[in-house]
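The following exercises concern salt bridges and the packing of helices. Please study the sequence and the structure before reading each solution.

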Protein chains: 2
Amino acid sequence: MGATKTDHFTDKQNELAIIIKALAHPARIAIVEYLLTVNTCICGDIVNELPLAQPTISQHLKELKNAGLIQGNIEGNAVCYCINPKIFKKLEKLMDELFKSIKKQKNTCC
Amino acid sequence: MGATKTDHFTDKQNELAIIIKALAHPARIAIVEYLLTVNTCICGDIVNELPLAQPTISQHLKELKNAGLIQGNIEGNAVCYCINPKIFKKLEKLMDELFKSIKKQKNTCC
DNA sequence: ATTTAATATCGCAATATTACGATAAAAGAT
DNA sequence: ATCTTTTATCGTAATATTGCGATATTAAAT
């Protein structure tokens, strides 16, 4: 085993899980937060900012990109990464649905 | 390797990552959603609801519990699981901070 | 053309996750 | 006391993730 049984869950559940999973690592959260502090989307000085080796950062960037959370555009020599607000909006919507139904729930718990 | 280098990131980043990670699996999202549909917090019929074996569910419940997202109270024979709104509120707050700074950002991207 | 700089990819080791059968533990039912 | 039900834990196999050194790739700089 080791592989998630995605086929048994709804598309929505899988979609949310994929987006969330991409954010489920402190380095990737740090990358996203860093991209938010630099208004112009600076590229690979993320490597200088974070305490991880260049290949590791590159891998995390790839995962964020695969989930659609960031974009990478080639600019000559370097690559310019930036937030993709679209997917974050989708995430916000999905999470809001969750948060709303939690607030609706009568807390008659155990 | 294989172990996350948590010590290099901020407490906030690690905390958010832990909560998010607990939700980063369709089965665990499904469990949370199921707990929200049954107002009275029913216990182990989660096993009947989801297409996974009982030990697998038990393991997922443990992870949700470890992250504080759900609670489990023993009721005689059975165990009664339910949402813990506290941690969801914390999650909502942390995510809201993220979403807000995304909206603030001028989208002068690449 | 060669060198330099910035990223990506490969390959690997260490560890974590996912899933489940078998079994244990605890409480209720007979 | 024994059986049944419910849940947790153990052990294990399959796979995924994390991290990084070494190397490839690409484009700019000399």
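Over all chains, the count comes to 8 salt bridges in this predicted model. Three of the exercises below each take up one such pair, and the last turns to a helix contact.

**Exercise 1.** Determine which parts of the chain are tied together by the salt bridge of A:Lys12 with A:Glu97.

*Solution.*
Step 1. The closest N and O atoms of A:Lys12 and A:Glu97 are 2.9 Å apart, and a salt bridge requires such atoms to lie within 4 Å.
Step 2. A:Lys12 belongs to helix H1 (residues 11-23) of chain A, and A:Glu97 to helix H5 (residues 85-104) of chain A, so the pair ties together parts that are 85 residues apart in sequence.
Step 3. A:Lys12 has a relative accessibility of 44% and is therefore partly exposed. A:Glu97, at 35%, is likewise classed as partly exposed.

**Exercise 2.** Establish what the salt bridge between A:Glu92 and B:Lys103 joins, and classify A:Glu92 as buried or exposed.

*Solution.*
Step 1. In this salt bridge, 2.8 Å separates the closest N and O atoms of A:Glu92 and B:Lys103.
Step 2. Because A:Glu92 lies in helix H5 of chain A and B:Lys103 in helix H5 of chain B, the pair joins two chains.
Step 3. Buried means under 20% relative accessible area, and exposed means over 50%. A:Glu92, at 16%, therefore counts as buried, while B:Lys103, at 52%, is exposed.

**Exercise 3.** Identify the helices that hold B:Arg28 and B:Glu63, and classify the accessibility of B:Arg28.

*Solution.*
Step 1. B:Arg28 and B:Glu63 form a salt bridge whose closest N and O atoms are 3.1 Å apart.
Step 2. B:Arg28 is found in helix H2 (residues 26-37) of chain B and B:Glu63 in helix H4 (residues 54-66) of chain B, so the pair ties together parts that are 35 residues apart in sequence.
Step 3. With a relative accessibility of 6%, B:Arg28 is buried. B:Glu63, at 32%, is partly exposed.

**Exercise 4.** Describe how helix H2 of chain A packs with helix H5 of chain B, and classify the residues in contact.

*Solution.*
Step 1. The axes of H2 (residues 26-37) of chain A and H5 (residues 85-104) of chain B are 10 Å apart, at an angle of about 35 degrees.
Step 2. The crossing of H2(A) past H5(B) is left-handed.
Step 3. H2(A) contributes A:Val32, A:Glu33 and A:Leu36 to the contact, and H5(B) contributes B:Leu98, B:Ser101 and B:Ile102.
Step 4. By class, the contact comprises 4 nonpolar, 1 polar and 1 charged residues.

Note on methods. Residues are numbered from 1 along each chain as its sequence is written. Chains are lettered from A and ligands numbered from 1 in the order in which they are written. This is a predicted model: local features need pLDDT of at least 70, side-chain atom pairs count only at pLDDT 80 or more; totals for chains, interfaces and linings use all residues. Side-chain values use heavy atoms; hydrogens and water are left out. Axes are lines fitted to C-alpha atoms, for helices over the stretch in contact, and angles run from 0 to 180 degrees between N-to-C directions. Helices (H or I, at least four residues) and strands (E, at least two) are DSSP runs, numbered from the N terminus. A crossing is left-handed if the near helix is turned anticlockwise from the far one by less than a right angle, and right-handed if clockwise. Contact means heavy atoms within 4.5 Å. Ala, Val, Leu, Ile, Met, Phe, Trp, Tyr, Cys and Pro count as nonpolar, Asp, Glu, Lys and Arg as charged, and the others, Gly among them, as polar. A salt bridge is a side-chain nitrogen of Lys or Arg within 4 Å of a carboxyl oxygen of Asp or Glu. Buried means under 20% relative accessible area, exposed over 50%, partly exposed in between (1.4 Å probe, protein chains only).
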